[in-house]
Amino acid sequence: MKSRTKKTKEKKFSLSLIKKDWRKYKYLYLFFALPVVIYFVVFKYVPLYGLQIAFKDFKLSRGIWGSEWIGLKHFVNFFGNIHFGRLIINTIRISLLGLLFGFPAPIIFALLLNEVSHKTFKKSVQTLTYLPHFISTVVICGILVNFSGSEGLFNTIIEFFGGTRADLLMKSSAFLPIFIGSNIWAGFGWGSILYLSALSNVDQEQYEASFIDGASRFQRMRYITLPGIMPTIVIQFILRIGNLMSVGSEKILLLYSPLTYDVADVISTYVYRKGLLDQNYAYSTAVGIFNSVINIILLVTANNLSKRVNETSLW
Amino acid sequence: MNFYRKKPGDYVFTIINGAFMVFLALITTYPFLYVLFASLSEPGKFITHNGLLLYPLEFTLKSYKAVVNNPNILQGYKNTIFIVVVGTVINVIMTSMGAYFLSRKGPLWKTPIMIMVTITMFVEGGLIPGYLLILNLGLYDSLWALILPSSISTFNMIIMRTAFQGIPSSLEESARIDGANDFTILYKVIIPLSRATIAVIALFYAVYHWNSWFAANIYLKTKSKFPLQLILRNFVINSQAEELTIGVGVADSYAMGFTVKYATIMVATIPILIVYPFIQRYFVKGVMMGSLKE
């Protein structure tokens, strides 16, 4: 009991303690902590402070503080915008398609790769499939743009199967398959790392027991392997749900055009166009805040649901 | 597993599964091979060719000559190298300083600073407030706008801190008795002992800088400051092909447009392919470090 009170005392920020701490760690604070703290304040906290422009009639000349408060006007404008519905639907559509096809891909790949017993072969497949993760978005989109052009490789393949040539990225109907497909292509290898490491932690004795009991390969997968990696799958799933409304802008900005806005324009690309191209700073910030708030709500809901259903959760 | 006798069905599965894995590996690699072959092909031959490429059509370095002779691309290369080198050095210094401070046990302000740092992993100002900050700092149209805002990745700093914490404190104590200060301890004791972790983190930072284009796209105005990826974006995706084939005859220029685009893509990717085997050796470890809970 005595030591406990002493401990709580130690943690208290009394003036004498602060002085003593300063004397002891002066150089540590000045040369190690200070530059890092300055970095975080300037580049992380000042932008947070800047979020207030979403509630202001922001004028660049007046500055963030000098501009007048206008309440929720920018939010109301966004909800009333003719593109509001389209943006929400497009964002959710791209996210859900990515979840539907992109989420299982690395899991299935990891399960199948795990069945490969030849070490060198396994390593080589891993090395080759991880590669796209390190290639820049611009290069990948550059390849996609060239392959999708009417002279490109995709069209050669389409023609081979009896289709007609067209500039695919100019067609709304082709945009989503190209976008989602290339995301899966670039991500399934890298995404499998987490699952492969989870697989290597599955209890080997259970496998041995299952051999003796004469379990088939698929029974083993169903009753040992899958339950073994379920917590990892659930955690990844919660994280994906939490990001359901955040479709990154970089790749879409490189691939879309006004011709495909009807399926490709999402909240983040809209924020970019309104904010930086039209310099509608405050309005665009409001749209961004709206987006983040929905994401937080989704993440918390998914996490709570999962906690209740299968006792796996992020916090 | 010796007691398990293989059934015929297992061999069938092994073969089909193996074939499928080969197929996936081919699918991920072939687009890059196609780009490589196309970039090495004779432009006139390439545009009349239909179908997959399994080797360069009439091997020629013509397209690469056009790329190398393009002053914009050379300038872009220089800018990118500056950003990668200076950026990564700053990243490693700042990240290791923060990680060192946060791995100390004594300081009173350690926990408040740790909380302050962790919060930034969950909330951020986003695109516009970040842009306004750069304007206000006077960094608009400066290469520093691509370097300073990403000086520290919080995630990497926490990984490095975990590595530093794993070093026995007895080593540090004996160094201190010998009269070492914090700088000597960090550079003579801690860093040499966590070389692998720092190498992975440095490589990830370098790849990030090499590949990034978006910050350059919004913060730079002067063309001579553009990094390679942004130039590539303008040439390959926005199809400003005429800029690519400067110095090539008009008749050739249409055909060259295609192969030169592919050569430009290769030129922007080759450095990554060179460092890839080195990152590859460590990255599983890197990802695993990241997945460890704090």
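## A two-chain predicted model

Among contacts in chain A between residues at least 6 apart in sequence, 65% join residues at least 24 apart. Two residues are in contact if their C-beta atoms, placed from the backbone, lie within 7 Å. This is a predicted model, in which local features need pLDDT of at least 70, side-chain atom pairs count only at pLDDT 80 or more, and totals for chains, interfaces and linings use all residues. Residues are numbered from 1 along each chain as its sequence is written, while chains are lettered from A and ligands numbered from 1 in the order in which they are written.

**The two chains**

The table sets out some values for each chain. Helices (H or I, at least four residues) and strands (E, at least two) are DSSP runs, numbered from the N terminus. A residue is buried if 20 or more other C-beta atoms lie within 10 Å of its own, exposed if 12 or fewer, and partly exposed in between; the C-beta atoms are placed from the backbone.

| Chain | Helices and strands | Buried residues |
|---|---|---|
| Chain A | 16 helices, two strands | 31% of 315 residues |
| Chain B | 15 helices, zero strands | 37% of 294 residues |

In chain B, 71% of the contacts between residues at least 6 apart in sequence join residues at least 24 apart.

**The build of chain A**

The C-alpha atoms of chain A fill a box of roughly 75 × 60 × 40 Å, taken along the principal axes. Chain A has a radius of gyration of 26 Å, whereas a compact globule of 315 residues would have one near 20 Å. That radius is taken over C-alpha atoms, and the globule rule is 2.2 Å times the number of residues to the power 0.38. The domain assignment splits out domain 1 (2-50) and domain 2 (82-310) of chain A. Such bounds come from an automatic or database domain assignment. The C-alpha centres of these two domains lie 41 Å apart.

**Where the chains meet**

The contact takes 63 residues from chain A and 70 residues from chain B. On the chain A side, helix 2 (residues 15-50) gives the most, with 19 residues. By class, that side has 43 nonpolar, 13 polar and seven charged residues. Here Ala, Val, Leu, Ile, Met, Phe, Trp, Tyr, Cys and Pro count as nonpolar, Asp, Glu, Lys and Arg as charged, and the others, Gly among them, as polar.

**Cores**

A nonpolar core is a set of buried Ala, Val, Leu, Ile, Met, Phe, Trp, Tyr and Cys residues joined through C-beta atoms within 7 Å. The largest has 119 residues, and L232(B) and I265(B) have the most contacts inside it. At least three of its residues come from each of domain 1 (2-50) and domain 2 (82-310) of chain A. Not counting residues up to four places away in sequence, I265(B) touches V139(A), G142(A), I143(A), V35(B), L232(B) and V236(B). Another core lies apart, with 13 residues, including L113(A) and V125(A).

**Two places in chain B**

Helix 11 (residues 195-211) of chain B has 12 of its 17 residues buried, so it is largely enclosed by the rest of the structure. Among the buried ones are F204(B), Y205(B) and W210(B).

S151(B) lies in the loop between helix 7 (144-147) and helix 8 (154-165) of chain B. S151(B) is buried, with 20 other C-beta atoms within 10 Å. Beyond its neighbours within four places in sequence, S151(B) is in contact with Y39(A), I90(B), N91(B) and M94(B). S151(B) and V89(B) are 62 residues apart in sequence and 9.3 Å apart in space, C-alpha to C-alpha.
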